[in-house]
Amino acid sequence: MRSLSEAFAQAERWRYILEDFTPFSESLEWRLSERHWQCHGVSSFVDGTVPFTINNTGQLSIQAAALLFANCMEAVPSGPLQLLEVGAGTGLFARYLLDEFQRLCLEGGRDFYSRLLFHITDTSPRTVEQWRELDVFGPHGKQVCLAVAGAADPPRAGPFQAVFANYVLDLLPAAVLRRRGGIWQELHARTWIRRDSRLPTGLGLEHIRQRVRRGELDDLLPLIPVIETDEEYLNAEPVDPRQLLPDAPDTGPMLFNHGAFDSLDTLLGGLASSGFVLVNDYAGGPVEAGQRGSTAQRFGRTMAVGLDFALLDKYAQHAGVALVAPPGDSELPIHPRLLTRAKLGRTERTFTSLFSADAYRACEQPAVEAKRLIGQGLFREALDGYRRAIERNCYDWQRLTQAARLIAFSLGDPESALPFAQAAGERNAWYSPAVWNTLGQIHGALGQHEASLDCHRRALDVNPNDAETNLLLGRCWLKQGEAARCLECIARGLANDREQRWRHDFLDLQTEAMNALLKSWNAEYESAARRLRLC
């Protein structure tokens, strides 16, 4: 029999250390997040674990296209017009920018679009592969060059008239620092898992630790949801070639986006003399009491940090470039910055006008008002808000989908709703099951059941694990007399309905499908019995 001290020692071994204290952006969690992007591409956007809808309405593309057009008018480039986007993610920003810039050039009688070559890049090979598979940039094939490249190692092309860095600098390495008695300290993380955590199939604890040490992380991606960390400040002299860090003996915890500054060095170095870099990103959260959780942003299996924009201002001064923030920047959810190597009056005025807080509110107000009216049951009044929102942004597939649902199901006019749903599908056929499901439901309301089935199958192609898609497709299969296929959808949907939002609908549909199968089986039994009697 074990002694009590041995029993206590056993009970205290409730966790396993996978990696000892390591700097923030070198920790196992950070590296697994990077590897997840590399391996899975846009899937984190499609399954909703990483939000993308708020930033991919098309509005940012409209603003960027107008800014680019003004820049070209201010200093008309000769020869090819080269653009670059780093960390393009879904590719929707670039696609809508191309659509809008082409329209502006046609209306303005300029040939900028025909001379354009847009280098659209991402560090994830899988992402670039998915762009090609989905043909996201189909109509602009001659104007597009797709490449696997990081924000700190862009294509060796250029000079670039414009560089776009949207929500990508926050994915680059950063440090959380403080200074005590003239000595710099950096926040380190120690990574562990609970003893009762489920390990990847076929891997024991020592195998996992060996893979961590060797950097062989692909088999360890299933650990992301269960790993946890301790944080501790350890003495570490940060590398600061630009002398951006304060020299006071003591400082509170601060975020040092050294990866972002390294990237900007490279991007600005490849810029045309009259070109610009447009940054849109999140601000870093407050760093309090050395807690990394107040700095890191975790979305599903990914990880990011925001930017310290005050330090970015200091970086621009050191680099000798102009940096412009829009009026009312503190009121914006996403913070735009314009960086230029030369004084560009027209470009700067266009930027401050298009990206100001007032412009943001004017753009959002119609849809916000429409949502408020819907909450009050004033559906026809809400329709005017959607009309104004879509007039201002014809690329907004979300507003088009919302307008289609309002017209079809709240106002009971699916025929009038159909063009809105079809337009939403044209704007985003690749990443949103909701777009295809809405179109499928409208076709169903019009009695067009084959078209409805086809739309829900398209939604399933986008995300096979989407619970609502499986529910709607299951209903379609049941109407087609395919009860077994319906049950397959129910099983897949229930397995992925984590919030149990559709559970009762699935169970009701399951009863209908089982009854339909039972009826079919009984008919077969009766037929077989009659054949036996006739023999």
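1. In this predicted model, the charged end of R485 sits over the ring of W477, at 4.4 Å from the ring's centre. A second such arrangement involves R15, whose charged end sits over the ring of W192, 4.7 Å from its centre.

2. Aromatic rings also pair with one another, and the structure holds 14 aromatic pairs. One of them joins F24 and W30: the ring centres are 5.4 Å apart and the planes stand at 55 degrees, so the pair is tilted. Both F24 and W30 are buried.

3. Another pair is formed by F118 and F164, with ring centres 6.1 Å apart and planes at 55 degrees; this pair is therefore tilted. F118 belongs to strand β3 (residues 116–122) and F164 to strand β5 (residues 160–166), so the pair ties together parts that are 46 residues apart in sequence. Both of these residues, F118 and F164, are buried. Ring pairs also link F118 and F164 with F93 and F276 into a cluster.

4. Helix α12 covers residues 379–392, which makes 14 residues. From its first C-alpha to its last, α12 reaches 20 Å, close to the 20 Å expected at 1.5 Å a residue.

5. Which residues of α12 are buried? They are A382, G385, Y386, A389 and I390. Seen down the axis of α12, these buried residues fall within an arc of 130 degrees, so they line one face of the helix. On the other side of α12, R380 and E391 are exposed.

6. The buried residues of α12 have three packing partners, namely α11 (357–375), α13 (397–410) and α14 (414–427).

Terms used
Residues are numbered from 1 along each chain as its sequence is written. This is a predicted model: local features need pLDDT of at least 70, side-chain atom pairs count only at pLDDT 80 or more; totals for chains, interfaces and linings use all residues. Side-chain values use heavy atoms; hydrogens and water are left out. Helices (H or I, at least four residues) and strands (E, at least two) are DSSP runs, numbered from the N terminus. The expected span of a helix is 1.5 Å times one less than its number of residues. Buried means under 20% relative accessible area, exposed over 50%, partly exposed in between (1.4 Å probe, protein chains only). The arc is that of the directions from the helix axis to the C-beta atoms. Contact means heavy atoms within 4.5 Å. Rings of Phe, Tyr and Trp (its six-membered ring) pair if their centres lie within 6.5 Å; planes under 30 degrees apart count as stacked, over 60 as edge-to-face and the rest as tilted. A charge sits over a ring if NZ of Lys or CZ of Arg is within 6 Å of the ring centre and within 35 degrees of the ring normal.
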